[in-house]
Amino acid sequence: MSWNAEGKHVLVTGGSAGIGAALAEGFAARGAVVGICGRREDKLGDVLARLQAHTPESRSWRVDLADLDGIDDFAAQANEELGGIDVLVNNAGIPKRRTVQALTPEVVESTMAINYYSPIRLTLALLPTLIERDGHIVNISSIAARLGPPGEAAYAATKAALTAWSESMAVDLRDTNVGVHVVNPAVIDTELFQLPDNDPAMIEDVEALPTDAMVEPVLRALDDGTFEVYVPEHFAQITQGKFNDPTAWIEGTKAYARSQNR
Ligand SMILES: NC(=O)c1ccc[n+]([C@@H]2O[C@H](COP(=O)([O-])OP(=O)(O)OC[C@H]3O[C@@H](n4cnc5c(N)ncnc54)[C@H](OP(=O)(O)O)[C@@H]3O)[C@@H](O)[C@H]2O)c1
């Protein structure tokens, strides 16, 4: 079974590219009216044209979600112009591939702002409408939240925060009909691995999946209420192995990083 998107209103942050664009198209192709946002007007326009081919009421907004003080106004505008929101997909985010020795507090905090504080602000602003409409909150986290990747402390911490928030939120919303879902992509082929100001990614040993691979797992989770989803699925077992013996996992990751000359 796949969740029935027909007529639903879905807001996907970071819908101008990558995973967000694929999810937005997946929802629109199944009949949802989709709102997307991002900073790049041209990219938003390209994606929006594809969304509107399915659902002409779909919309886009140019917004910098790192500007936390602007988020309440953006939430109100998106909610108003979409006519209510049934699904919030907190997807917008940036990588930060840099060792702890090379990090500054400013970089740590700015990564936290876009990857953690911004989705939390948006969630809080939209919670009343999501509760009223028996909606869903989908937080695009990462396997980095669970596996402690080398050279990604600042990034992994933002995603671990988002995951921890989601776990508690799912419990707090127990007397509502809001579904809370966390999605942990492993390596999905997007611009995220080419962005400047980042060390090269250590992903040679992991198969990069196309962005489309994200769509069905998210729709299945909406349908069956699954809280945590891994893409691909076998990363759930890998994570379980880490939880069983964190010391061995960290020693193994040190050896791996050395083998990559890091
Ligand atoms: N790709 C992977 O393998 C992978 C793995 C684990 C988790 N993830 C997570 O998946 C999410 C999507 O990543 P992706 O791989 O699709 O990366 P991407 O191709 O770089 O896309 C990132 C999206 O976020 C938007 N964004 C970034 N900063 C923003 C800001 N300040 N304000 C508004 N929008 C902003 C970008 O739009 P603009 O540039 O137009 O603003 C873009 O639409 C991220 O949260 C990422 O951490 C990805």
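Start with the ligand of this predicted model and select the residues around it. There are 31 of them, and those that come nearest are Arg39, Asn91, Tyr155, Ile188 and Thr190. Colour the shell by residue type: 16 of its residues are nonpolar, 10 are polar and five are charged. Two helices to show alongside are α1 (18-29) and α6 (153-172), each of which supplies at least two residues of this shell.

Next, display the backbone atoms of Leu65, Ala186 and Ile188. At Leu65, a backbone N or O atom is 2.8 Å from a nitrogen atom of the ligand. At Ala186, a polar backbone atom lies 3.4 Å from an oxygen atom of the ligand. At Ile188, the distance from a polar backbone atom to an oxygen atom of the ligand is 2.7 Å. Now switch on a surface: the ligand taken alone exposes 880 Å², and the protein buries 97% of that.

Move on to helix α6, which you have already met beside the ligand. How far apart are the end C-alpha atoms of α6? They are 28 Å apart, which agrees with the expected span because 20 residues at 1.5 Å a residue should give 28 Å. Select the buried residues of α6: Ala154, Tyr155, Ala156, Thr158, Lys159, Ala161, Leu162, Thr163, Ser166 and Met169. Tyr155 is also one of the residues that come nearest to the ligand. To see what covers the buried residues of α6, show the elements around them, including α4 (105-132), β5 (136-140), α5 (144-147) and β6 (179-185).

Stay in α6 and centre on Thr163. Is Thr163 buried or exposed? Its relative accessible area is 1%, so Thr163 is buried, the cut-off being under 20%. Leaving aside residues up to four places away in sequence, Thr163 touches Ser141, Ala145, Arg146, Val182 and Asn184.

Now go to helix α2, residues 41-54. Its 14 residues should span 20 Å at 1.5 Å a residue, and the end C-alpha atoms are 20 Å apart, so the two values agree. Select Leu44, Val47, Leu48 and Leu51, which are buried in α2. The buried residues of this helix pack against α1, β2 (33-38) and β3 (59-62).

Pick Gln52, also in α2. With a relative accessibility of 31%, Gln52 counts as partly exposed. Draw a distance from its C-alpha to that of Gly20: the two residues are 32 apart in sequence and 16 Å apart in space.

The remaining stops concern the backbone. Select Asp134, in the loop between α4 and β5. Its phi is near 50 degrees, a positive value in a residue other than glycine. Asp134 is partly exposed, at 42% relative accessibility.

Then find Pro232, in the loop between β7 (228-231) and α8 (235-244). Which kind of peptide bond joins Val231 and Pro232? The bond is cis, with omega about 0 degrees.

Finish at helix α9, residues 246-259. This helix has 14 residues and reaches 20 Å from its first C-alpha to its last, close to the 20 Å expected at 1.5 Å a residue. Just after α9 comes Asn261, whose phi is positive at about 60 degrees, although Asn261 is not a glycine. At 73% relative accessibility, Asn261 counts as exposed.

Key:
Residues numbered from 1 in each chain as written. Predicted model: local features only at pLDDT ≥ 70, side-chain atom pairs only at ≥ 80, totals over all residues. Heavy atoms only, no water. Near = heavy atom within 4 Å. Polar contact = N/O pair within 3.5 Å; in protein donor to acceptor, adjacent residues only side chain to side chain. Areas by Shrake-Rupley, 256 points an atom, 1.4 Å probe, with all protein chains shown as cover. Helix = DSSP H or I, 4+ residues; strand = E, 2+ residues; numbered from the N terminus. Nonpolar A, V, L, I, M, F, W, Y, C, P; charged D, E, K, R; others polar. Expected span 1.5 Å × (residues − 1). Buried < 20%, exposed > 50% of the residue type's maximum accessible area, 1.4 Å probe, protein only. Contact = heavy atoms within 4.5 Å.
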